[in-house]
Amino acid sequence: MVDLKEKIKRIAKEKGYVILAHNYQNKDIQDIADYLGDSLQLAKIATKIESDKILFLGVDFMAEAIKILNSNKKVIVPIKAATCPMANSLEPEMIIEAKEKYKAPFVIYVNSTASSKMYADYACTSANAVEIVKKIKSEIVLFGPDKNLAEFVAEKTGKKVIPIPGDTGYCYVHNYIRKEEVLSLKEKYPNAKVISHPEVSSEIQAISDYVGSTSQMEKFPNIDEGLEYIIVTEKDMVEKLKKIYPDRTFIPISSAVCNNMKKNTLKNILSALENEQFEVLVDEEIAKKAIVPIENMFKLME
Ligand code: 13P
Ligand code: SF4
């Protein structure tokens, strides 16, 4: 295993690839990453690195967003099938219809396809969704695809946030975490604080001490005196937290596994570097329009 990791790092260096990995990758993959972060951090890093070759380890919508922001760079992924069912649940027609019906701006969660982003007004990630919606000059916003994040944003901003597509827009990894599972961990670790991702259901948000994106979860122990945390998101987020705070205890939700994130393996990563594939390509016309909500997001954050 150590040899394989060393080999991957060596070949990446020889061929000039920078390895960007999402926080939900497993520990071995986290170990080989040059940069490990949430979707917003990785998109920003991708625009700043000097290398024109990126090996991206996450799921397809994230790789697509990185390519859109870096059209002159070569972006490769180890497997094309690593996708996000929630991102795929929001279809372009749903955005067009909702905008027609409500005459309100559409805020699209970055967990969406480029073909859908083309029709949205602003993009957001779970790290900045509240800030973006607060700054938009409208008391009603359309928001998709995640209904749980939409509810969280409505609560934090006091605005009317209409979820599109509605009941079918959710992440199965987060939405199906059961309250009983969190409560039974709470019983086992009575001093632990519950830290949740906003993609979890509102009943879990309600029993959480803190709700935030993976990058916000990462900062939380810095401003908190706690020693134990129950981390209610994809289970491998805990691996990153353990590395940053080795003297604290992080308890994962063992059932929360994103199968698509796990389609990247050391074996297919090595093969991706050896063969310099699979290249992420986004149609130029789609990219030209899909970048607009992403740029609008960056402008609002200035
Ligand atoms: P982050 O925006 O926190 O990276 O989350 C992305 C994601 O896929 C959550 O399920
Ligand atoms: Fe999609 Fe959920 Fe996996 Fe995130 S954790 S990539 S939202 S399926």
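A molecule is taken to sit in a cavity if more than half of its atoms lie within 2 Å of the cavity's grid points, and in this predicted model ligand 2 meets that condition for the largest cavity.

**View 1. Ligand 2 and the residues that approach it in the largest cavity.** The shell around ligand 2 holds 13 residues, of which C84, N111, C171, E199 and C258 come nearest. Sorted by residue class, this shell divides into 10 nonpolar residues, two polar residues and one charged residue.

**View 2. Helices that contribute to the shell around ligand 2.** Both α5 (85-88) and α10 (172-175) supply at least two residues each to the surroundings of ligand 2. Of the elements that contribute, α10 gives the most, with three residues in the shell around ligand 2.

**View 3. The surroundings of ligand 1, which also has its place in the largest cavity.** Ligand 1 is surrounded by H22, Y24, D38, S39, M62, N111, S126, H174, H197, E199, S213 and T214. The shell around ligand 1 consists of two nonpolar, eight polar and two charged residues. Because domain 1 (2-83 + 261-282) and domain 3 (178-252) both give residues to this shell, ligand 1 lies between the two domains.

**View 4. Polar side-chain atoms beside oxygen atoms of ligand 1, among them one from E199.** A polar atom in the side chain of E199 is placed 2.9 Å from an oxygen atom of ligand 1, while the side chain of T214 has an N or O atom 3.0 Å from an oxygen atom of ligand 1. For S126, the separation between a polar side-chain atom and an oxygen atom of ligand 1 is 3.2 Å. The protein buries 96% of the 300 Å² that ligand 1 exposes when taken alone.

**View 5. The cis peptide bond between G144 and P145.** Most peptide bonds are trans. The bond leading from G144 to P145 is instead cis, with an omega near 5°, and P145 itself is found in the loop that runs between β7 (140-144) and α9 (147-157).

**View 6. The cis peptide bond between Q277 and F278.** Omega is about 10° for the peptide bond that joins Q277 and F278, which is therefore drawn here as a cis bond. F278 lies in the loop between α15 (266-275) and α16 (284-301).

**View 7. The backbone of K103, a residue other than glycine with a positive phi.** Most residues other than glycine have a negative phi. The phi of K103, by contrast, is positive, with a value near 50°, and K103 is found in the loop between α6 (92-102) and β5 (106-109).

Definitions and conventions:
Residues are numbered from 1 along each chain as its sequence is written. Chains are lettered from A and ligands numbered from 1 in the order in which they are written. This is a predicted model: local features need pLDDT of at least 70, side-chain atom pairs count only at pLDDT 80 or more; totals for chains, interfaces and linings use all residues. Side-chain values use heavy atoms; hydrogens and water are left out. A residue is near a molecule or strand if one of its heavy atoms lies within 4 Å of it. A polar contact is a pair of N or O atoms within 3.5 Å; within protein, one must be able to donate a hydrogen and the other to accept it, and residues adjacent in sequence count only if both atoms are side-chain atoms. Accessible areas come from the Shrake-Rupley method with a 1.4 Å probe; for residues, only the protein chains shown count as cover. On a 1 Å grid over the protein atoms alone, a cavity is a set of points where a 1.4 Å probe fits but cannot get out, and a pocket is an open set with protein on both sides within 12 Å along at least five of seven lines; lining residues have an atom within 4 Å of a point. Ala, Val, Leu, Ile, Met, Phe, Trp, Tyr, Cys and Pro count as nonpolar, Asp, Glu, Lys and Arg as charged, and the others, Gly among them, as polar. Domain bounds come from an automatic or database domain assignment. Helices (H or I, at least four residues) and strands (E, at least two) are DSSP runs, numbered from the N terminus.
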